[in-house]
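Colleague: Can you walk me through this one? I would like to go over the empty space, the surface and the charged pairs.

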Amino acid sequence: MGLAFSQGFSYSGEGWEGVVAWLALVGFFLIWSWMGCAKRSAMASLAFSLGWFVPGLNWVMHSMTVYGNVPWVLSALAVVLLGATLSLVTLIPVPLSAWVRKRSEWGAISATVGLMVFLEWVRLTWFPGFGWLSPAYAVVDTPLLASAAVGGTVLMNALTIAGAAWTAMSLRALFNPAFSKKGWVLWLLWAITVVGLNEAWKAHPYPVQDKSVSPLYVRAVQPDLPLIHYAYQPEDADRFEALLPFARAPWPKGSVNRLFITPEGLVGRPVNHFRVKEQDVLVRLQREAQAPILFNGFRVEGTRVFNTGFLWDNGIRYTLDKRNLVPFGEFVPPGARWVVDALGIPMHDLTEGEGLQPALKLDGLSLGLLICYENLYGETVREMIAADKPDLFVVTSNMKWFGEAARAQQLQMARVRAVEAGRPVLSVSNDGPTAWVNSRGEVIQELSTRRQGELTLAVPKITVTENLYQRWGDRPGLVFLLLLLLGSVFTRFYPRPNGARGL
């Protein structure tokens, strides 16, 4: 079941995979409810979680083996250990659910759901910021996506997991008279909530164009360049030269304001150490593109190294340092350096950028820049909206390190961020996903992965009606899970009617 769930949201994209993943989660809770003791419940939880995380994190093994020169046995072991650590999401709830289970099966399942959602929130926020493979991203093609506009991924996770759990318990109550059917009320309330949120979201106004400001025409380039790594160190000037054919393509008639956007991972030399030859090619690239160039690279400040977005406009005139770094990719979490050293992975800890940094202002529009992994953080999006109210969010990434599964996951995250922000998102990646996502989380245009291409789009100045997530953030989801936990503890002391194991 865990494997089906993992693969379901790893490769989602056609719509039905999200439903399959959700049904796999229903299957997990059915199996969990059949396990009569804490020990068997813990075994079921561990088995499901390993199937949930390990296959879905196969891109980590791909990166370590192919580009990190780590033996596949060691990289596989590292992924299993990472999956086992993340499995605490389903293991930690077992003692509380076992305590509540003595009185109520429905209460026990609700306790499990509440703690799972809470631990998912902790995992993304604090431990150690590794929020990949959250269940919310499995259901972007279902009505549950609407809940992101109210409570972000926390509420999406809560409704996804609670709905699966209560569906499983309703099925048990349907075929087993020992289970109280009063718990069906929870499932009914869940269904009404999902439908209600979806209908309210559909009624929420679309962004309105401000016609007093000319649209900004952007060209997102997917060059499919080879990866820069320890065994391949090309000239940065040659990498910029490879973009010239995209720069020479004609712009739409009547376009005046323009921006040429490139993916992360374009160059390897620190940008503030560029020589004359790199700067000369950038001047030429801007002239050919007839537009400023947005690109990504490293910035050195003393002993500190930053992953930074740069705007070249007759010189560097804008920078934004990456705020959310990749654990074990861009920094080593405290206490884990021995793992990296034991595996022999050559890496340097990067420095986090400041939390609040100005958005890119260009021709009357404001652009919020998210660098790769920052695509996981709805709170970062909220902070940028509060400070600068961007008209568009741009996600630059280089998913070529990780393979097909990670590409699909990255686009799912961009779709959730678009719904949270109520604004379009442009994903720009070296070999995909390069896609235009509207404010409803719908993919309007997308380039084929693993090949070269470009998207040229008109981005208008917009007026956006604030949604509840922008106002309240994660609070609605946290309140929901608190109610689940309080309700489940209450059922522990609630007398069982006629000996039924239920509410």
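Modeller: What follows is a short run through those topics, for a predicted model.

Colleague: Cavities, then. How many of 30 Å³ or more does the structure hold?

Modeller: There are 5 cavities of that size. The largest cavity has about 80 Å³ of space.

Colleague: Which residues are closest to the centre of the largest cavity?

Modeller: His-204, Pro-205, Gly-422, Ser-439 and Arg-440, out of 13 residues that line the cavity.

Colleague: And what is that lining by class?

Modeller: The lining has 7 nonpolar, 5 polar and 1 charged residues.

Colleague: Surface next. Which residues form the nonpolar patch?

Modeller: Leu-171, Leu-174, Phe-175 and Trp-184, with about 420 Å² of accessible area together. Helix H9, residues 148-175, gives the most to the patch, with 3 residues. Leu-171 lies in helix H9 and counts as partly exposed because its relative accessibility is 36%.

Colleague: What about Ser-488, buried or exposed?

Modeller: Ser-488 is buried, because its relative accessibility is 1% and buried means under 20%. Ser-488 lies in helix H18, residues 475-493. From Ser-488 to Glu-105 the C-alpha distance is 9.5 Å, though the two are 383 residues apart in sequence.

Colleague: Now salt bridges. What is the count?

Modeller: The count comes to 21 salt bridges. One of them joins Lys-202 and Glu-199, with the closest N and O atoms 3.8 Å apart. Both residues lie in helix H10 (residues 184-203), 3 residues apart, or about one turn of the helix.

Colleague: How accessible are Lys-202 and Glu-199?

Modeller: Lys-202 counts as exposed at 52% relative accessibility, and Glu-199 counts as partly exposed at 45%.

Colleague: That pair sits within one helix. Which parts does the pair of Lys-400 and Asp-224 tie together?

Modeller: Lys-400 and Asp-224 meet in a salt bridge at 2.8 Å, N to O. Lys-400 is in the loop between strand S9 (392-397) and helix H16 (404-421), and Asp-224 is in the loop between strand S2 (216-222) and helix H11 (236-241), so the pair ties together parts 176 residues apart in sequence.

Colleague: And Lys-461, what does that residue form a salt bridge with?

Modeller: With Asp-391, the closest N and O atoms being 3.4 Å apart. This pair also links distant parts of the chain, 70 residues apart. Lys-461 is partly exposed, with a relative accessible area of 22%, whereas Asp-391 is buried, with 2%.

Colleague: Which residues do shared partners join into one network?

Modeller: Glu-235, Arg-275, Lys-277 and Glu-278 are joined into one network by salt bridges that share partners.

Key. Residues numbered from 1 in each chain as written. Predicted model: local features only at pLDDT ≥ 70, side-chain atom pairs only at ≥ 80, totals over all residues. Heavy atoms only, no water. 1 Å grid on protein atoms, 1.4 Å probe; cavity = no way out; pocket = protein on both sides within 12 Å on 5 of 7 lines; lining within 4 Å. Points joined across faces, edges and corners; volume = space filled by probe spheres on them. Nonpolar A, V, L, I, M, F, W, Y, C, P; charged D, E, K, R; others polar. Patch = residues over 30% accessible without salt bridge, like charges linked within 9 Å, V, L, I, M, F, W, Y side chains within 5 Å. Areas by Shrake-Rupley, 256 points an atom, 1.4 Å probe, with all protein chains shown as cover. Salt bridge = Lys/Arg side-chain N within 4 Å of Asp/Glu carboxyl O. Helix = DSSP H or I, 4+ residues; strand = E, 2+ residues; numbered from the N terminus. Buried < 20%, exposed > 50% of the residue type's maximum accessible area, 1.4 Å probe, protein only.
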